[in-house]
Every structure is written in structure tokens, then in C-alpha cells.
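Walk through the fold with the viewer open. Begin where two parts of the chain meet, then move to the ligand, the backbone and the overall shape.

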Amino acid sequence: MSSTLFGFSGDFDVIVIGGGPAGATTAALLAERGHRVLVLDRERFPRYHIGESLIPGVMVPMEELGLVERMEAKGFERKYGGTLVWGNNEVPWNFSFTTGGRIPYAFHTRRADLDTMILDRARELGAFVVEEATVKGPVEENGRVVGVRYAVGGLDGVQEARASLVIDASGQARVLGRKYSEITWNEQLRNVAVWTYFDNCHRLPGDEWSNILIEGTRDGWFWGIPIDKGVFSVGYVTRSDVASKSDQSLKELFASELETTSKLKDLLRDATPAAGYRTARDWSYTNDRFHGDGWVLVGDAAAFVDPLFSTGVALATLAGSTLSKIVDKILRNPQIEEKALDRYSTAYRNFFDDIRTFVEGFYDRSKTKGFYFDLAQQINDPDKKNDAQVDFVKLISGLSGRAGGLFDLSLDDLIENVGDVEDVKDPSAAGN
Ligand SMILES: Cc1cc2nc3c(=O)[nH]c(=O)nc-3n(C[C@H](O)[C@H](O)[C@H](O)COP(=O)(O)OP(=O)(O)OC[C@H]3O[C@@H](n4cnc5c(N)ncnc54)[C@H](O)[C@@H]3O)c2cc1C
């Protein structure tokens, strides 16, 4: 039952499929706890990915990974809030992350840089990372997933690696979810996105300088993200049926809808195109199962919600951080696997559902900002302990949740039940 990989032989504690933010965070924090972790990603990093704007929730796992100073040093632009042309409000309105309390800013990034930084950190902390390694499918024994089959670019044949647990962090490819879980598509959020980059863009004035701009149009909305210097990432999101019924291509739709914007058009008045157009299906979904015998899902591989509030990377890394702590305990106490993963799955779904419910409500642009604040309060703070605006900012910062925080799950009662209480911080005591 052993695997050989470039001279490394033996089984792993954990195999992670995909080295994006979810997989790399989970792998890094498990390796830091002394576990033998193999990460397989089909791409060579740095690789392009859409999703440049972050929210404060991401700073919790980035701090844990020791990456905040590196993000600053890399020159990622600090993001303090957002400017919205949205709803039945007469003027653009703003939100500032400071209103939400604890973490007042996040960053705009180039994802190739951010994702490489997290994956490199996983390597530094001891994870074994193989790039250009495409996972073809799971290895099963007696109904349990015990490893994966994968092919490495440039090498003949398919290899096999085995582990106590396989984590699927393969994003929308859903390598294991596709096989073991049904998917529920969110009918209201069956969207499509088209985006490109512009140079020489103007910035929003004053305190709004580094805000993300979100501007609604008749059938969709635009994002405008100041990535660095004069460069903006600009994307248009509309319903799939609107796009398919239109006689315009997505690129033409982008151009004609851009003409109908006010604020965004103004920022782009002297802009020059800096890249071609890219498109993606942008359908929100949830897997019906987040885990099974020997496997568990994290990040987009588990669930995906429309990028209206730039929540994807925060969700992926918060869930990855949470999962790393849970898997650490499972590896020391294998008897708790099913119950522990149930608990992870419930907390993750609750956290995700709150954001999804809010995004669905926010898509109704006939309302005023007071309505959106109240909606956030109903979801987040039904006892109205905070001002509704504070609840709104907390929610879109990724810093709230019914579960009392996705990242703060206790399993102590489960471990006590198996009579095997151990200190999570001390891997040497684990004997694995
Ligand atoms: C249009 C659009 C705009 C977005 N904007 C934002 C935004 O502004 N901010 C934000 O936070 N989020 C945004 N997102 C969402 C965000 O990009 C994702 O939520 C985030 O990348 C999820 O991270 P992940 O690690 O789960 O998946 P990914 O980042 O997709 O990583 C998955 C990895 O798995 C690898 N992989 C796939 N299949 C295999 C295989 N068979 N074998 C081995 N490896 C495999 C891939 O190569 C990839 O590196 C946006 C999404 C879309 C569609």
C-alpha cells in the first residue's frame, strides 16, 4: 500500500486535490501541525484565476498563515470598502469595512500572485506539492476513498497515492463531488460573467480611492476593481438566459451595457484595453454532500456563490483553516471522523447559506439601502444587538455567521467520548 513519488515513498496522512486558496490553506495548516500532506494541482503556478477583490474575513487565515506582511510587501492594494450604484438610491452609496469592527481592510490582488504565495507557504511548512499533476479519480477500497490516481505532465502513465483522508479542493472541477454528490443549482443565480482589464483608469475620489465599484445596469451589474496603479479589472455579470436570448456576443453585451453605466464609464473615460476578454459560467451551487467515507470537500469544490460581494477566496480560506483543525483532530482520533466532518459540513453550510440568502435578496434592485441593511440584520443578528448597517458590513466582510464563526468549531466533546483527549497544538503527542 505504498506510493512512490519522485523518490518520496510512503503513504500520506492527507491528499489535497487542488492547490488554489482552499487547498493550499488547508494543506499549509495541516503540514504545520506535523502531518504528511500531498497537494496535487493540474496547473503550473503562477496560474491565472479570476477573483481579485478580497474581503476582511480572508485576513484571519492569512494572519494564521503568516502571510499578511508578504501581501503588503508584494504591493497588493489595500481595500477599505465599496462604492455602489445599486438599488433605489439616488446617489452612489458607500460602505466602509471599519463599520464592521474588527478588521478594517482587505486587499485587491492579482490572483496569480496571491495563489502562488499561499501554495509556496504550504511548501515552506512542509507540504509536498506536485504541479501539473491532474487527478483522474479516487482509489477506493471497501467503499472508502483511500487515495487518488493522477497523471503528471511529461510523464507516462497514471500514478497512485494513498492517504488516510482525501480533501477535494479542485474548485469548480469538483473532482470528487462530481462522483459522490448531487449538486443543487441556485435557479436565481444562474449567471454568466465576461471580463477584461483596462490600463490608465481614473480612481474614485478621496476615501473611495481603492474601493471596489459595483454598478447595476438594466439586466446585470459591473465590477470595477483597482488592482494596481492604473489597472482595473472590469467584469459584467448577467443572467444566463438574458445572454443566450441576446443577439449580441458577451463581448458586445459588455460594451453596450458599459455605455449605460454612469460612474464606471467615467472612470474608464481615458482607459486603454490591457487584455482580451474572458468569460465564465457563474452559476451558484451547493453540493448535497460535503463529505463521505474517506473524503471531504472545501472551497468552490463544496459550494460556490455569485461574486457580487467578492466572498469566494475568504470562504475558501476560512473553510480551509477550519477544516485543517478538524482533520488534525481526526487524524489523531480516527473514530470521530464522521461526526467531526458532519459538524464541519453543518457550520460551513450555515455560513455559506447566510451569504447566499443575502446575495439573493440584494439582487432585488428595487429596494433602498435601508432594506439591504435590515436584510443583513435579519440573517445575522435577529435580536438586533447591533445597528443594521453594522450587520450589513459584518456580513459582507465574511466576519459573521450563525455557527458563531465557521472557524471556531469545538470537537472536544467528541474526543472526550472516545477517551482520547489531546492538545491540538502539539503534533508530537499525536503518535500518527
Ligand atoms: C466571475 C467570477 C468573479 C469572481 N470574483 C471574485 C472576487 O472578486 N473575489 C473573490 O474572493 N472571489 C471571486 N470569485 C470566486 C473565487 O475566484 C473562487 O471562489 C476561489 O478561487 C475558490 O478557491 P478554491 O481554492 O476553492 O478553487 P480554485 O481557486 O479554483 O482552485 C482549484 C484548483 O484545483 C485545481 N484542479 C482542478 N481540477 C484538478 C484536477 N483534476 N487535478 C488536480 N488539480 C485540479 C485547479 O488547477 C485550481 O488550481 C469569482 C468567481 C467568478 C466565477
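Start at the domain contact. In this predicted model, 13 residues of domain 1 touch 15 residues of domain 2. Contact here means that two C-beta atoms, placed from the backbone, lie within 7 Å. On the domain 1 side, the touching residues comprise 6 charged, 4 nonpolar and 3 polar. The classes are simple: Asp, Glu, Lys and Arg are charged; Ala, Val, Leu, Ile, Met, Phe, Trp, Tyr, Cys and Pro are nonpolar; the others, Gly among them, are polar.

Now trace the domains themselves. Domain 1 is assembled from 4-73 + 108-183 + 288-364 + 403-417, and domain 2 is 184-283. These bounds come from an automatic or database domain assignment. Measure from centre to centre over C-alpha atoms and you get 29 Å.

A word on conventions. Numbering starts from 1 along each chain as its sequence is written. Because the model is predicted, local features need pLDDT of at least 70 and side-chain atom pairs count only at pLDDT 80 or more, while totals for chains, interfaces and linings use all residues.

Where does the ligand lie? Domain 1 and domain 2 both give residues to the shell around the ligand, so it lies between them. The shell holds 37 residues, and the closest are Gly 20, Gly 51, Gly 171, Gly 299 and Gly 312. A residue joins the shell if its C-beta atom, placed from the backbone, lies within 6 Å of the molecule. Four elements give two or more residues each: α1 (21-32), β10, β18 (278-287) and α9 (312-332). The largest share, 4 residues, comes from α9. By class, the shell has 17 nonpolar, 14 polar and 6 charged residues.

Next, look at the backbone. Most residues other than glycine have a negative phi, and most peptide bonds are trans. Three spots deserve a look. Phe 45 and Pro 46 are joined by a cis peptide bond, with omega about 0°. Pro 46 sits in the loop between β4 (37-40) and α2 (59-64). Glu 132 has a positive phi of about 55°. Its loop runs between β9 (128-130) and β10 (133-141). Arg 174 also has a positive phi, near 50°. Its loop links β12 (159-168) and α5 (177-180).

Is each of these two residues buried or exposed? Glu 132 is partly exposed, because it has 15 C-beta neighbours inside 10 Å. Arg 174 is buried, because 21 other C-beta atoms lie within 10 Å. The cut-offs, with C-beta atoms placed from the backbone, are 20 or more others within 10 Å for buried, 12 or fewer for exposed, and partly exposed in between.

Step back to the whole chain. The protein has 13 helices and 21 strands. These are DSSP runs numbered from the N terminus: helices are H or I of at least four residues, strands E of at least two. Of the 432 residues, 49% count as buried. The C-alpha trace spans about 65 × 55 × 45 Å along its principal axes. Among contacts with a separation of 6 or more, 72% join residues 24 or more positions apart.

Finally, check confidence. Mean pLDDT, the predictor's confidence in each residue from 0 to 100, is 91, and 92% of residues reach 70 or more. Over residues 420-432 the value is below 50. Where pLDDT is low, the predicted coordinates should not be read in detail.
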